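Hi,

Here is the structure I promised to pass on. Have a look at it first, and then read my notes below.

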Amino acid sequence: MDLGINGRTAVVCAASKGLGRACAEALAAEGVNLVITARNAELLEQTAAEIRQRFSVTVATAPGDVTTESGRAAALEACPAPDILINNAGGPPVGDWRTFERDQWLGATDSNMVAAIMLIRAVIDGMAERKFGRIINITSALVKQPHAALSLSVAARLGLTGFTKAIAAQYVGANVTINSLLPEQFETDRLRSNIQKLTAKSGRTLDEEIAAAAASSPAKRMGRVEEFGAVCAFYCSAHAGYLTGQNVMLDGGRYPAVF
């Protein structure tokens with residue numbers, strides 16, 4: 001299927017590896033030119049070079065942390081009028097919610113809610129004027145199935161989810177959509193780190209814990225980042241203009257509810 005976005009431009013946050021990179025590559029495969037961000041400038045440049053070589057699209061880099069004002073400014077300076085925005089940022093620490101102090105709650109909210117809102121605010125009216133825009137928030141399956149040890153992430157990402165649902169209907173008439181992708185247990189460095197922290201006292205190795213987690217999934221495996229990227233690309237496509245304000249679970253069937 002031709003997704004109808006060849007020649008468009010996307011800003012993809014936290015795109016040097018993991019789910020962000022998978023989204024960038026899936027968009028590049030459709031002919032989308034990219035501005036990619038990440039904190040590690042060296043890894044970011046390496047990723048950009050590899051995407052250019054594979055897909056023959058323009059890939060500019062904006063090193064920095066998009067959870068900071070300066071990082072967002074760098075991304076927007078590189079691409080002030082994107083057609084597509086992929087909001088993505090690493091999650092906050094795991095642990096007992098009773099041990100987190102006020103600054104940690106505020107930090108999580110700033111990184112995983114406010115940062116995305118600021119980027120949306122900066123680009124969405126321009127998208128509406130141009131009659132095309134696709135905004136994807138990479139959040140978490142925790143939004144629908146919370147876990148106490150990840151309470152910082154749950155609270156912040158639910159705030160972003162509520163905000164985007166509140167404004168999505170205002171923009172769909174201008175062919176601008178906002179949707180969220182909710183991953184669980186994809187093969188990423190972040191997943192390995194979280195599993196290691198959550199199971200530190202189990203007595204099993206990290207690989208054993210990961211194998212057990214995969215076996216507990218109805219799919220009997222972890223998700224592949226390429227699968228995530230492909231879903232992201234479709235939601236950014238010209239064919240998805242009637243679909244907005246949605247939270248799409250990518251969890252291998254783990255979520256038990258109907259809605």
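Let me start with helix H7 (residues 206-215), where the buried residues are Glu209, Ile210, Ala213 and Ala214. They span an arc of only 135° around the axis, so they sit on the same side of H7. The general background is that an α-helix has 3.6 residues a turn, so residues three or four places apart point the same way. Before you go further, bear in mind that this is a predicted model.

Now the sheet. It is open and has 7 strands, in the order E3-E2-E1-E4-E5-E6-E7, with parallel pairing. The edges are taken by strand E3 (59-63) and strand E7 (247-250); each has a single partner strand, so one side of each has no neighbour in the sheet. From one strand to the next, the twist averages 15°.

Two of the pairings are worth a look in your viewer. Strand E1 (residues 9-12) pairs with strand E2 (residues 33-38) in the parallel sense, over 4 bridges. Alanine 10 has leucine 34 in E2 as its bridge partner. E4 and E5 also pair in the parallel sense, over 4 bridges, and there isoleucine 84 stands opposite arginine 134 in E5.

How many of the residues of E5 are buried? The count is 6 of 6, so to speak of E5 as mostly covered is fair. Gly133, Ile135 and Asn137 point one way from the strand, while Arg134, Ile136 and Ile138 point the other way, and all are buried. Note that an arginine is on that list, if you plan to look at the side chains.

On to the helices that lie across the sheet. Helix H5 (residues 151-171) lies across strand E5 (133-138), strand E6 (176-183) and E7, and runs at about 155° to E6. Helix H8 (residues 225-235) lies across strand E4 (84-87), E5, E6 and E7, at about 165° to E6.

H5 also packs against another helix. Helix H4 (residues 102-130) and H5 meet at an angle of about 20°, with 8 Å between their axes. At that angle, which is under the 35 degrees cut-off, H4 counts as roughly parallel to H5. The crossing of H4 past H5 is right-handed. The list of residues that meet is long enough that I'll just pick some: from H4 they include Trp105, Ala108, Asn112, Met113 and Ile120, and from H5 they include Leu152, Ala156, Leu160, Phe163 and Thr164.

Two residues of H5 give a closer view. Alanine 156 lies in this helix and is buried, with a relative accessible area of 1%. Leaving out residues up to four places away in sequence, alanine 156 touches Ala108, Thr109, Asn112 and Met113. Its C-alpha atom is 9.5 Å from that of threonine 139, which is 17 residues away along the chain.

The other one is threonine 164, also found in H5. Is threonine 164 buried or exposed? At 5% relative accessibility, threonine 164 counts as buried, because the cut-off for that is under 20%. Apart from neighbours within four places in sequence, threonine 164 is in contact with Ile120, Asn137, Ile178 and Ser180. Of these contacts, Ile120 is on the list for H4, and Asn137 is one of the buried residues of E5.

There is a second helix pair to show you. Helix H1 (residues 18-29) packs on helix H2 (residues 41-55) at an angle of about 25°, with their axes 10 Å apart. That makes H1 roughly parallel to H2, and their crossing is right-handed. Arg21, Ala24, Glu25, Ala28 and Ala29 of H1 make the contact with Thr47, Glu50, Ile51, Arg54 and Phe55 of H2.

Finally, two backbone details that you may want to check. Alanine 14 has a positive phi of about 50° although it is not a glycine. Alanine 14 is in the loop between E1 and H1 and, at 27% relative accessibility, counts as partly exposed. Serine 56 is not a glycine either, yet has a positive phi of about 55°. Serine 56 is in the loop between H2 and E3, and with a relative accessible area of 66% this residue is exposed.

Cheers

How values were computed:
Residues are numbered from 1 along each chain as its sequence is written. This is a predicted model: local features need pLDDT of at least 70, side-chain atom pairs count only at pLDDT 80 or more; totals for chains, interfaces and linings use all residues. Side-chain values use heavy atoms; hydrogens and water are left out. Two strands pair if DSSP finds at least two bridges between them. Axes are lines fitted to C-alpha atoms, for helices over the stretch in contact, and angles run from 0 to 180 degrees between N-to-C directions. Contact means heavy atoms within 4.5 Å. Buried means under 20% relative accessible area, exposed over 50%, partly exposed in between (1.4 Å probe, protein chains only). The arc is that of the directions from the helix axis to the C-beta atoms. Angles under 35 degrees count as roughly parallel, over 145 as roughly antiparallel, 65 to 115 as roughly perpendicular and the rest as oblique. A crossing is left-handed if the near helix is turned anticlockwise from the far one by less than a right angle, and right-handed if clockwise.
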